[in-house]
Each structure stands twice: as structure tokens, then as C-alpha cells.
Amino acid sequence: MEIRFAREEDSSQLLDIYGQYIETTVTFEYELPTAEEFAGRIRDISREYPYLVCEEGNQAVGYAYAHKPFERAAYQWDAELSIYLDRDHRSSGLGSRLYGILMEILKLQGVRTVYGCVTIPNPGSERLHERMGFERIGAFHNTGYKNGKWLDVVWYEKQIAPYDVEPKPVIPVGEIGEDRLEEIIRAGR
């Protein structure tokens, strides 16, 4: 398997994976985005945060990315993680590898805290977060409506770097040296 940074031209393959979740409560989207819209999401997120894809034989089998969880400047040291795996690659350890790589890159960027937002029940995602050392910090009850029912969302949190005084601003992922990023990806494979 190869793990690398996602490109806009990956959008169709990533949509094939995301499409496996659109009828479920894992995502709160009701309709599958177009390939163009999804490519725009990859482009926009990749300006600031890591967006990874895992391939097996030139076919995407999973992807994970970090994104801004909150809008105000004081939240810049936080990131929310999202992950989607092909149904045949769930419970294979791939989720842990992708999350581990994301968190190592985010540390270099200056992120201090990462979050996971999980619609419950979702035993696989709940286990992933717990296995990766996330702490369940709260729930939003009946916060989303999909598939004929009101759904709860649980938030997970993990500190990945010290909370120092006068932190430097978080730097975009593109400003980290390619060699260092490739080293992290290789170590996480």
C-alpha cells in the first residue's frame, strides 16, 4: 500500500469510497457531491492541512484529512480529523496508520489538539479514537436528522503537543519541507 498526499484528480476514486457512507449516518450529507465539488474540497483543505490517500495497486482504499473545526483565530491550534475507508479495508489497521501520520504532520504545523466527531453508534470509529488515545469529551444529543431518526454526535479530543505560552501561528502544510513530510509518511506505513 502507498500513502501519499491527495490530489484533485483523486476526487473520483475518493468519491467511490465516500459514496459507501452517503446512505449511512456516518456522514450527515444527504447527497453525494460531484467530482468537481469534491476536487474543490481537496484543493481547499490541502492549502492548510494534510489530506492523505492510501492506494493499493493504483486504487484508493482510504483517505483521511485534517480541517479547521472552529472559525475564530484563537482556535488555530486545533484540527478535526476525518477518515473514510473502503468497506473491504475497515478493521485492517489502516485507520490507525492514517490517523498517526496526520497527527505527526499536524505537530510539525504547530497544532496542539485534535478532535474527532463521530455519529453514534459507530463502533469502528469509536474503537479507532479510543485506541489512538482520544478521550470522549461530550455529546451533542439529537443534533442531526438522517434516515428517519435523530442522531447523537460524540466529540473526541487528544492533545498532540504541549500547550506552551505564546505559541507560534500554525503553518500551512505546504510550508513544511517535502523531505520531512515524506519521512513521516514512510515511518507511518
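**Exercise 1. Classify Asn-58 by its accessibility and place it in the fold.**

Asn-58 has a relative accessibility of 63% and therefore counts as exposed. The cut-offs behind this class are: buried under 20% relative accessible area, exposed over 50%, partly exposed in between, with a 1.4 Å probe and protein chains only. The model is a predicted one, in which local features need pLDDT of at least 70, side-chain atom pairs count only at pLDDT 80 or more, and totals for chains, interfaces and linings use all residues. Residues are numbered from 1 along each chain as its sequence is written, and side-chain values use heavy atoms, with hydrogens and water left out.

Step 1. Locate the residue: Asn-58 sits in the loop between E2 and E3. Helices (H or I, at least four residues) and strands (E, at least two) are DSSP runs, numbered from the N terminus.

Step 2. Look at the turn. The hairpin of E2 and E3 has two residues between the strands, and Gly-57 there takes a positive phi near 60°.

Step 3. Compare sequence and space. Asn-58 and Glu-2 are separated by 56 residues in sequence and by 8.6 Å from C-alpha to C-alpha.

Step 4. Turn to the strand before the loop: E2 is mostly covered, with five of its six residues buried.

**Exercise 2. Give the strand order of the sheet and identify its edges.**

Step 1. The open sheet has seven strands in the order E1-E2-E3-E4-E5-E7-E6, and the pairing is mixed. Two strands pair if DSSP finds at least two bridges between them.

Step 2. At the edges stand strand E1 (2-5) and strand E6 (135-146); each has a single partner strand, so one side of each is left without a neighbour in the sheet.

Step 3. On average, neighbouring strands of this sheet are turned by 25° against each other, direction ignored. Axes are lines fitted to C-alpha atoms, for helices over the stretch in contact, and angles run from 0 to 180 degrees between N-to-C directions.

Step 4. Helix H2 (residues 35-46) packs on the sheet, where H2 touches strand E2 (51-56) and strand E3 (59-67). The direction of H2 makes about 125° with that of E2. Contact means heavy atoms within 4.5 Å.

**Exercise 3. State the sense of pairing for the strand pairs and give a bridge for each.**

Strands of a sheet pair through backbone hydrogen bonds, either parallel or antiparallel.

Step 1. E1 and E2 run antiparallel and are joined by four bridges; Phe-5 has Leu-52 in E2 as its bridge partner.

Step 2. E2 and E3 are antiparallel over six bridges, and Val-53 is bridged to Tyr-63 in E3.

Step 3. Strand E4 (residues 78-85) and strand E5 (residues 113-120) are parallel over four bridges. Here Asp-78 stands opposite Thr-113 in E5.

Step 4. E5 and E7 are antiparallel over eight bridges, with Glu-157 in E7 as the bridge partner of Tyr-115.

Step 5. E6 and E7 are antiparallel over eight bridges. Gly-144 stands opposite Leu-151 in E7, and Ala-139 has Val-154 in E7 as its bridge partner. The two strands form a hairpin with two residues between them, and Asn-147 in the turn has a positive phi of about 55°.

**Exercise 4. Describe the surroundings of Leu-108.**

Step 1. Leu-108 lies in helix H3 (residues 94-109).

Step 2. Its relative accessibility is 33%, so Leu-108 counts as partly exposed.

Step 3. Not counting residues up to four places away in sequence, Leu-108 touches Ile-171, Ile-176, Arg-180 and Ile-184.

Step 4. For one of these, Ile-176, the separation from Leu-108 is 68 residues in sequence and 7.6 Å in space, C-alpha to C-alpha.

**Exercise 5. Characterise the two largest pockets by volume and lining.**

Step 1. Fix the terms. On a 1 Å grid over the protein atoms alone, a pocket is an open set of points where a 1.4 Å probe fits, with protein on both sides within 12 Å along at least five of seven lines; lining residues have an atom within 4 Å of a point. Grid points are joined across faces, edges and corners, and a volume is the space filled by probe spheres set on the points.

Step 2. The largest pocket has a volume of about 1000 Å³. Its lining has 43 residues, and nearest its centre lie Val-26, Ile-83, Tyr-84, Asn-122 and Ser-125.

Step 3. At least two lining residues of the largest pocket come from each of H2, E3, E4, H3, E5, helix H4 (123-131) and strand E7 (149-159).

Step 4. By class, the lining of the largest pocket has 20 nonpolar, 17 polar and six charged residues. Ala, Val, Leu, Ile, Met, Phe, Trp, Tyr, Cys and Pro count as nonpolar, Asp, Glu, Lys and Arg as charged, and the others, Gly among them, as polar.

Step 5. The second largest pocket holds about 180 Å³. It is lined by 14 residues, with Glu-48, Tyr-49, Lys-68, Gln-76 and Val-170 closest to its centre. Seven of the lining residues are nonpolar, three polar and four charged.
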